[in-house]
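Dear colleague,

Please find the structure below. My notes on one helix and one pocket follow it.

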Amino acid sequence: MSALFQNEDDQSFARAMADKVAAIHEYFDKDKDGHLNFQELRSLQLLTSGDDMDKEQFVAVCRVLDCHPSRGISLNALKLTYAADGANIAKDYDTVFPESSATSSKTEEKTADDDVIEVGDGGVDISPDN
């Protein structure tokens with residue numbers, strides 16, 4: 001795995017992804033046992049994709065991820081699902097925690113405004129052109 005994340009930017013991205021997966025796992029782990037049981041994983045799937053999950057699908061997912069269905073999906077197993085092709089942790093995180101995406105959008109807007117330099121009467125813009 002070290003070859004996959006060789007430089008600092010890759011490692012930062014991997015940490016951010018892992019932090020988002022952990023936040024989602026913790027949010028849906030209502031009984032705080034460290035695993036997502038059928039109802040908890042079903043809730044995650046319904047919220048993020050709109051698709052329902054039946055018990056047979058849950059058992060199949062557990063088996064594929066080497067988790068016992070009586071315990072559920074571990075944090076590491078959920079990380080594996082988000083590492084799979086087609087998974088979108090950023091989208092799911094923003095769906096689960098919409099206030100965080102709203103906050104980051106406001107921060108980005110503020111940052112863009114901070115680049116404007118106005119001086120004198122009437123606020124003449126002397127910002128450098130990019």
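**Helix α1 and the largest pocket**

The buried residues of α1 are Met-17, Val-21, Ile-24, His-25 and Phe-28; buried means under 20% relative accessible area and exposed over 50%, with a 1.4 Å probe and protein chains only. These residues lie on the same side of α1, because they cover an arc of only 100° around the axis, taken from the directions from the helix axis to the C-beta atoms.

This is a predicted model, in which local features need pLDDT of at least 70 and side-chain atom pairs count only at pLDDT 80 or more, while totals for chains, interfaces and linings use all residues. Residues are numbered from 1 along each chain as its sequence is written, and side-chain values use heavy atoms, without hydrogens and water.

On the face turned away from the buried side, α1 carries the exposed residues Glu-8, Asp-19 and Glu-26. Cover for the buried residues of α1 includes β1 (35-36), α2 (38-49), β2 (73-74), α4 (75-83) and α5 (89-96). Helices are DSSP runs of H or I of at least four residues, and strands are runs of E of at least two, numbered from the N terminus.

The largest pocket (an open set of 1 Å grid points where a 1.4 Å probe fits, with protein on both sides within 12 Å along at least five of seven lines) holds about 400 Å³ of space. Its lining (residues with an atom within 4 Å of a point) numbers 19 residues, and Gln-45, Thr-48, Thr-81, Tyr-82 and Asp-92 lie nearest the centre. α2 gives the largest share of this lining, five residues.

Regards

Terms used
Contact means heavy atoms within 4.5 Å. Grid points are joined across faces, edges and corners, and a volume is the space filled by probe spheres set on the points.
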